[in-house]
Amino acid sequence: MISSIKYTPSLLTNSTFSSTKLLLPRSQLSIQPTIQNVEQTMALSLLSFEKPLYLSSTKNFALLNKPKRKNVTECQAYEADRSRPLEINIELPGEEAAQKVKIGLYFATWWALNVVFNIYNKKVLNAFPYPWLTSTLSLAAGSLIMLISWATRVAEAPKVNLDFWKALFPVAVAHTIGHVAATVSMSKVAVSFTHIIKSGEPAFSVLVSRFLLGEAFPMQVYLSLLPIIGGCALAAVTELNFNMIGFMGAMISNLAFVFRNIFSKKGMNGMSVSGMNYYACLSMLSLLILTPFAIAVEGPKLWAAGWQTAVSQIGPNFVWWVVAQSVFYHLYNQVSYMSLDQISPLTFSIGNTMKRISVIVSSILIFHTPLQPINALGAAIAILGTFIYSQAKEK
């Protein structure tokens, strides 16, 4: 119970505290606390335990008059069941390391699949020199794989309309030409030579963008083309098994893939399709474009005769070679397009350069391709120029 305060005039002397003590029997004392006023202007208060306390104002009580605090920061806490995640974009060290591992796996898979494809593709072309049919089978295998994936819901089918296919058509035309030209090149020359010439694709990209599209580039980009062009020229001149059809096939493939990239940037801008589904649609449309031309250029009669010859010479393994080169062609391209969703264009260009090195070295070792030191120097200069170009363009 709160005690009351009552002033007793007889206990006051000259507005000072009296030293008179209040004597009460021990039994009448209460353990309740004594409230005293610390203001010097107030008199000593006598505690009463008989009446309740009625306060009209508390401004004279120092203990109840709390000083005001300035610049107080109010903190609020969430209960455990009402907690929310912080909306702050912070990459934790663990997440950054996981992303690096993911990109590394993309690159390793991309390079491995590309090496395997080039090996089986060259084996098939050595025994079955019909690059138009071989190119058609590669696109057909990829289209079939994706149709099955969509039907079984292993992969989500893209939601595309007629405008998407219209925009994709010029991209598919350029992709078809580049794919067939590269296959024709590898049917005539060594795999290593085809990829050395194809490393000159950045030179075509800059020249087409400059003279046809009017784009300007910094001086360091133009200077980076010198080692690319010089290295490719040196490798071509010193190639022991040089073939003009093979050389022109690689050059046409470079030019076609440059236009494919240009059409893709212009026509597909703003369309939301994943890299995997984008390449699947590209393969299907390219297959429709290529099939009638393959029949017209080579035809079923040549294919049947060549197939019998290859099976009689190689045996049943030839069928496995055809299946492997078709499947691995789609897989390595699919992984490369999927990696574009995860990495920057610069990182992709560097990865593409390293991919060519792995293909060139592995094909030389597996097929025992004769290589002169000057030829190897030309290849090294061209590849180094490709790397310098990717760095200069990014800056």
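Is arginine 153 buried or exposed? Let me begin with that residue, and say at the outset that what we have in front of us is a predicted model. Arginine 153 counts as exposed, because its relative accessibility is 75% and the cut-off for that class is over 50%. It is found in the loop between α2 and α3, the latter covering residues 162-188, and its phi is near 60°, which is a positive value in a residue other than glycine.

There is a second residue of this kind that I would like to put beside it. Histidine 368 has a phi near 55°, again a positive value in a residue other than glycine, and it is found in the loop between α11 and α12. With a relative accessibility of 65%, histidine 368 also counts as exposed.

Let me now step back to the chain. Its secondary structure comes to twelve helices and two strands, and if you follow the elements from the N terminus on, you pass through the two strands and then through the helices. Of the 395 residues in the chain, buried residues make up 40%.

How do two of these helices, α2 and α8, cross? The axes of α2, residues 131-151, and of α8, residues 275-297, come within 8 Å and cross at roughly 145°, and the crossing is left-handed. The residues of this contact divide into 15 nonpolar, seven polar and no charged. I give both the angle and the distance because two packed helices are described by the angle between their axes and the distance between the axes.

Next comes helix α4, which spans residues 191-198 and is mostly covered, with eight of its eight residues buried. The buried residues of α4 include Ser192, Thr194, His195 and Lys198, together with Val191, Phe193, Ile196 and Ile197.

Serine 192 also takes us back to the loop of histidine 368, by way of leucine 371. Leucine 371 has its place in the loop between α11, residues 345-367, and α12, residues 373-394. Leucine 371 and serine 192 are 179 residues apart in sequence, while in space the distance from C-alpha to C-alpha is 9.7 Å. Leucine 371 is partly exposed, because its relative accessible area of 37% lies between the limits of 20% and 50%, whereas serine 192 is among the buried residues of α4.

Another pair of residues separated along the chain involves helix α3, where methionine 186 has its place. Methionine 186 and lysine 122 are 64 residues apart in sequence and 6.7 Å apart in space, taken from C-alpha to C-alpha. Methionine 186 is buried, because its relative accessible area is 5% and the cut-off is under 20%.

I will finish on the surface. Which residues make the nonpolar surface patch of about 450 Å²? They are Ile177, Phe242, Met244, Met248 and Ile252, and the largest share of the patch, three residues, comes from helix α7, which covers residues 244-267. Methionine 248, one of the patch residues, lies in helix α7 and is partly exposed, with a relative accessible area of 38%. That value is compatible with its place in the patch, because patches are made of residues with over 30% relative accessible area. As for the helix that supplies that share, residues three or four places apart in an α-helix point the same way, because there are 3.6 residues a turn.

How values were computed. Residues numbered from 1 in each chain as written. Predicted model: local features only at pLDDT ≥ 70, side-chain atom pairs only at ≥ 80, totals over all residues. Heavy atoms only, no water. Patch = residues over 30% accessible without salt bridge, like charges linked within 9 Å, V, L, I, M, F, W, Y side chains within 5 Å. Areas by Shrake-Rupley, 256 points an atom, 1.4 Å probe, with all protein chains shown as cover. Salt bridge = Lys/Arg side-chain N within 4 Å of Asp/Glu carboxyl O. Helix = DSSP H or I, 4+ residues; strand = E, 2+ residues; numbered from the N terminus. Buried < 20%, exposed > 50% of the residue type's maximum accessible area, 1.4 Å probe, protein only. Axes fitted to C-alpha atoms, helices over the stretch in contact; angles between N-to-C directions. Left-handed = near helix turned anticlockwise from the far one by under 90°. Nonpolar A, V, L, I, M, F, W, Y, C, P; charged D, E, K, R; others polar.
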